[in-house]
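Here are a few short exercises, each with a worked solution. Have a go before you read on.

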Amino acid sequence: MPKSTITVRIPQITSLETAISLYYERIELSNDDIRKLFGHISSATISKMKKLAREKMIENNTPFWNAQYINTEVAYKTWGLEIGDLERRYKKIKAIQT
């Protein structure tokens, strides 16, 4: 399958806590999960973001469990969300708040 050129701006996450929770709670992400992660984004944006992640899943031979969902780990990496960095930032915020 030839790689397509998809351009999509990856929005800011809604919160570090949400991003970390979804990463560990969901093996695959649905449209609703993506909206929780990024807020109120259009269906077209979600579709483009999922297409980017699907291409990476195919490239990595990641299994598809549900055709409507995308693998969480692959999606986060594709979208530039590094779980280690998110956790580090969240711990710093919690340390400041206490």
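**Exercise 1.** How many helices and strands does the protein have?

Before the solution, some ground rules: this is a predicted model, where local features need pLDDT of at least 70, side-chain atom pairs count only at pLDDT 80 or more, and totals for chains, interfaces and linings use all residues. Residues are numbered from 1 along each chain as its sequence is written, and side-chain values use heavy atoms, with hydrogens and water left out.

*Solution.* Look for DSSP runs: helices are H or I with at least four residues, strands E with at least two, numbered from the N terminus. You should find five helices and two strands. Reading from the N terminus, their order is α-β-α-α-β-α-α.

**Exercise 2.** At what angle do helix H1 and helix H2 pack?

*Solution.* Start with H1 (residues 16-25) and H2 (residues 31-38): the angle is about 150°, and the axes lie 8 Å apart. Axes here are lines fitted to C-alpha atoms over the stretch in contact, with angles from 0 to 180 degrees between N-to-C directions. Over 145 degrees counts as roughly antiparallel, so that's what H1 and H2 are. Next, see who touches whom, with contact meaning heavy atoms within 4.5 Å: H1 brings Thr18, Ala19 and Leu22, while H2 brings Asp33, Lys36 and Leu37.

**Exercise 3.** What share of the 98 residues of the protein counts as buried?

*Solution.* Apply the cut-off, under 20% relative accessible area with a 1.4 Å probe, counting protein chains only. That gives 35%. As for overall extent, the C-alpha atoms fill a box of roughly 50 × 25 × 20 Å along the principal axes.

Notes:
Angles under 35 degrees count as roughly parallel, over 145 as roughly antiparallel, 65 to 115 as roughly perpendicular and the rest as oblique. Buried means under 20% relative accessible area, exposed over 50%, partly exposed in between (1.4 Å probe, protein chains only).
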